[in-house]
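Please examine the structure shown here, paying attention to its helices and to the spaces between its parts. The account that follows takes these in turn.

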Amino acid sequence: MVKTIVWKDNQVVMIDQRKLPLQEKYVVCKGYRSVIRAVKELVIRGAPAIGVAAAMGVALGSLKIRTTGIDRFKTRFDAICHDMVAARPTAVNLAWAVERMKQVADETSHKGVKAVKSRLVQEARRILQEDIAINRAMGRHGQKLLKDGSRVLTHCNAGALATGGYGTALGVVRAAVEAGKGIEVFADETRPFLQGARLTAWELKASGIPVTVITDNAAGYFMQRGKVDAVVVGADRIAANGDVANKIGTYMVAVLAKTHRIPFYVAAPVSTIDLSTKKGEDIPIEQRDQTEVTHFQGRRIAPAGVVAGNPAFDVTPHRCVSAIITEKGVITPPFRSQLKGLVS
Ligand code: MRU
């Protein structure tokens, strides 16, 4: 399976997701600023993957801090962490990973700068390995929801590319296939960055899992004709009441699924649950550059001077969610107290 991100010789290497599937190129980040740039420019994307990138980014940044004084080191390290968290606002995994790195720095600081640096590198690599194991556990739980022969619709890319490996929503699909079930996937193309058409289709095809790419606007057509048995998507943040932020367009899919009585499942690690965000309206939604909408592959498709709105995420209300699949198990509504239980 594809390696989304690796730590190699004190550098962070990522597959360039802007270029897939036409080109398989890698971006090598030698400092934390280039990791921030990669996250902002979607070289790497997907909530758990940018969490891993952030952890590796701050570890990389720490290695370049030239001081042996722990207080000066911590001041500089905190500034790096601050910049990293600001890279993208919606996926809580990024802030979660940076917070975990800060805790490690705090716990080790009495041993001196050198020890802190090596612990930070170790922790970043651990976060990557843990993420893969978490996805496999999520897959084991979630696959039970899919019957042999299920036709699953997914939105965006919540696969190996969006995580340390294996995937969340696509991890559930992979686990069902590994359990011997025949599963077919409908991949919404996911305008404007085309995570579905480019990335989900690419990784499923590579894994030999049948995939049909559809335009975002075609989801209702296929549901209405009884061609979709379940929806499985990932999440960027799950609020305390079970509202789910995910890629723009997910909300439309959820409403359609509810209308057609199709189960709508969200697969996400516990690190995506943010109890400090009470409800969906409180989740900060990233607004991206208008040119992602007005242009296609560098060429203008909308009239010059026209304004475009480009929210990167939307919020699916918890009443549209049939179940949330995590590494600790599957929960069904009502979510609030169970989400609390999962986090503690
Ligand atoms: O803008 P992106 O590509 O980072 O958005 C990604 C998504 O919305 C994913 O569905 C989400 O992060 C879950 S990934 C396992």
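On one side of α3, in this predicted model, the residues Asp71, Arg72, Thr75 and His82 are exposed. Which residues of α3 are buried? They are Phe73, Lys74, Phe77, Ile80, Cys81 and Met84. Viewed down the axis of α3, these buried residues fall within an arc of 125 degrees, so they line one face of the helix. The exposed residues named above lie on the other side of α3. The cover over the buried residues of α3 includes α1, α2, α4 and α5. The length of α3 can also be checked: at 1.5 Å a residue, its 16 residues should span 22 Å, and the end C-alpha atoms are 22 Å apart, which agrees.

The helix α4, which is part of that cover, may be described in a similar way. Its 17 residues should span 24 Å at 1.5 Å a residue, and its end C-alpha atoms are 25 Å apart, which agrees. The buried residues of α4 are Val92, Asn93, Leu94, Ala97, Val98, Arg100, Met101, Val104, Ala105 and Thr108. These residues pack against the helices α1 (32–40), α2, α3 (70–85) and α5, and also against the strands β8 (237–239) and β11.

The helix α4 also leads to an open space, the second largest pocket, to whose lining α4 gives the most, with five residues. This pocket holds about 320 Å³ of space. Its lining comprises 22 residues, of which Asn93, Trp96, Pro269, Val270 and Ser271 are the closest to the centre. Asn93 is thus a lining residue of this pocket and is also among the buried residues of α4. Besides α4 (92–108), the elements that each supply at least two lining residues are α2 (47–63), α5 (113–142), β11 (273–274) and α11 (336–343). By class, the lining of the second largest pocket divides into 13 nonpolar, three polar and six charged residues.

The largest pocket contains about 560 Å³ of space. It is lined by 20 residues, and those closest to its centre are Arg18, Pro192, Phe193, Arg198 and Gln297. At least two lining residues come from each of α10 (291–294) and β12 (295–296). The lining of the largest pocket has eight nonpolar, four polar and eight charged residues.

Enclosed spaces remain to be considered. How many cavities of 30 Å³ or more does a search of the whole structure find? The search finds two. The largest cavity has about 210 Å³ of space. Among the 23 residues that line it, Arg45, Gly46, Ala47, Asn157 and Asp236 are the closest to its centre. The elements giving two or more residues to this lining are α2 and β9 (244–247), and α2 gives the most, with three residues. The lining of the largest cavity is made up of 10 nonpolar, nine polar and four charged residues.

The second largest cavity has a volume of about 60 Å³. Its lining consists of Leu42, Pro192, Phe193, Gln195, Lys247, Ile248, Arg288, Glu292, Asn310, Pro311 and Ala312, which divide into six nonpolar, two polar and three charged residues. Pro192 and Phe193 therefore appear twice in this account: they line the second largest cavity and are among the residues closest to the centre of the largest pocket.

Key
Residues numbered from 1 in each chain as written. Predicted model: local features only at pLDDT ≥ 70, side-chain atom pairs only at ≥ 80, totals over all residues. Heavy atoms only, no water. 1 Å grid on protein atoms, 1.4 Å probe; cavity = no way out; pocket = protein on both sides within 12 Å on 5 of 7 lines; lining within 4 Å. Points joined across faces, edges and corners; volume = space filled by probe spheres on them. Helix = DSSP H or I, 4+ residues; strand = E, 2+ residues; numbered from the N terminus. Nonpolar A, V, L, I, M, F, W, Y, C, P; charged D, E, K, R; others polar. Expected span 1.5 Å × (residues − 1). Buried < 20%, exposed > 50% of the residue type's maximum accessible area, 1.4 Å probe, protein only. Contact = heavy atoms within 4.5 Å. Arc of directions from axis to C-beta.
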